[in-house]
Amino acid sequence: MDRTNGASLKIRASHISKVFSNGKGSVEAIRDFSLEVKEGEFLCIVGPSGCGKSSFLRILAGLMTPSSGKLEIQPGEDTSKPLTSMVFQEYAVFPWKTVLENVGFGLRMRGIHKAERHAIAQSWIERVGLTKFIHAYPHQLSGGMKQRVGIARALANDPEILLMDEPLGALDAQTRMVLQEEILRIWEERRKTVVYVTHSIEEAVLLGDRVVLMTAHPGTKKAEFPILLPRPRDLKVTATPEFGELTYTIWEALRGEVLSAMESTGAGSSKGVG
Ligand SMILES: Nc1ncnc2c1ncn2[C@@H]1O[C@H](COP(=O)(O)OP(=O)(O)OP(=O)(O)O)[C@@H](O)[C@H]1O
Ligand SMILES: [Mg+2]
């Protein structure tokens, strides 16, 4: 693929649409959504519930085909690496495997020997704070802990592109902050291409190089915001006026979409109050 501003493009999604059909009719989840992501960019997607964020990540992961549009993903030079790894919004862990086996699963599929596999898995388990639970099974873990297993597994896979769907959504506020800082550190070390979906505007501004805002259902691109806060970043940046201004600007753009998403599902209404 071509280059933009010196950095090569890793992902180019052009005019992607997705329509789900069943016996009763069809749901248009995504409409004419285009997105380019540069190599090494941390791209965050924010949008109201049901606007098609998870569907779009599944399309990027190759788990689902778009109804129309074109998707190009630039493979890396090292073809032994997986192209994408996904952290799913709903905890996707194997219930019959321990934490260690879950995290090492992708490595095992790639034929990496046990000793090396366990060493890699162990180091990621440590980074997400689950060392004490390394031999535990998912039913012995809380929701947030299972989500951390999913994060460790995706990172252990060392993919070309990391796709993360609300990876911290199930965590309590404090663990979430610790892991946000960990994600920033890991990204500084590896500069991987990341597409990160979150409901939290603050999280998107803290982590991302750019925030793409989607409209309410059917989802398409509403606006995008470059995040020029200096790197390396940590949570201290959230105390700056620039951070506050950016999050508020994005919220102003998102607010209408959230209200229209709520109205279309009948949840709450901005009309008829007072
Ligand atoms: N497999 C499916 N079959 C039919 N409809 C689906 C399917 N998956 C998603 N949808 C519909 O597509 C739309 C987008 O869903 P999606 O899960 O992509 O939204 P989302 O932006 O990730 O929402 P949330 O923020 O709540 O996770 C919704 O209307 C949903 O009901
Ligand atoms: Mg979703």
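Leu43 has Arg210, in β9, as its bridge partner. The two residues belong to a predicted model. Strand β4, residues 42-46, runs parallel to strand β9, residues 210-214, and four bridges join the pair. Strands of a sheet pair through backbone hydrogen bonds, in either the parallel or the antiparallel sense.

Both strands belong to an open sheet of six strands, ordered β6-β7-β8-β4-β9-β10, and the pairing in this sheet is mixed. At its edges lie β6 (84-87) and β10 (221-226), each of which pairs on one side only. From one strand to the next, the twist averages 15°.

The strands with stated residue ranges are listed here.

| Strand | Residues | Place or pairing |
|---|---|---|
| β4 | 42-46 | parallel to β9 |
| β9 | 210-214 | parallel to β4 |
| β6 | 84-87 | edge strand |
| β10 | 221-226 | edge strand |

Ligand 1 has 13 residues around it, and Phe20, Ala29, Ser49, Ser54 and Ser55 come nearest. By class, the shell holds four nonpolar residues, eight polar and one charged. At least two residues of the shell come from each of β3 (25-38) and α1 (53-60). Helix α1 gives the largest share, three residues.

Val99 is part of helix α2, which covers residues 99-103. Val99 counts as buried because it has 29 C-beta neighbours inside 10 Å, and 20 or more are needed for that class. Leaving aside residues up to four places away in sequence, Val99 touches Ile125, Leu130, Phe133, Ile134, His135, Ala136 and Val149. Val87 lies twelve residues from Val99 along the chain, and their C-alpha atoms are 15 Å apart.

Terms used: Residues numbered from 1 in each chain as written. Chains lettered and ligands numbered in written order. Predicted model: local features only at pLDDT ≥ 70, side-chain atom pairs only at ≥ 80, totals over all residues. Near = placed C-beta within 6 Å. Nonpolar A, V, L, I, M, F, W, Y, C, P; charged D, E, K, R; others polar. Buried ≥ 20, exposed ≤ 12 C-beta atoms within 10 Å, placed from the backbone. Contact = placed C-beta atoms within 7 Å. Pairing = 2+ DSSP bridges. Axes fitted to C-alpha atoms, helices over the stretch in contact; angles between N-to-C directions.
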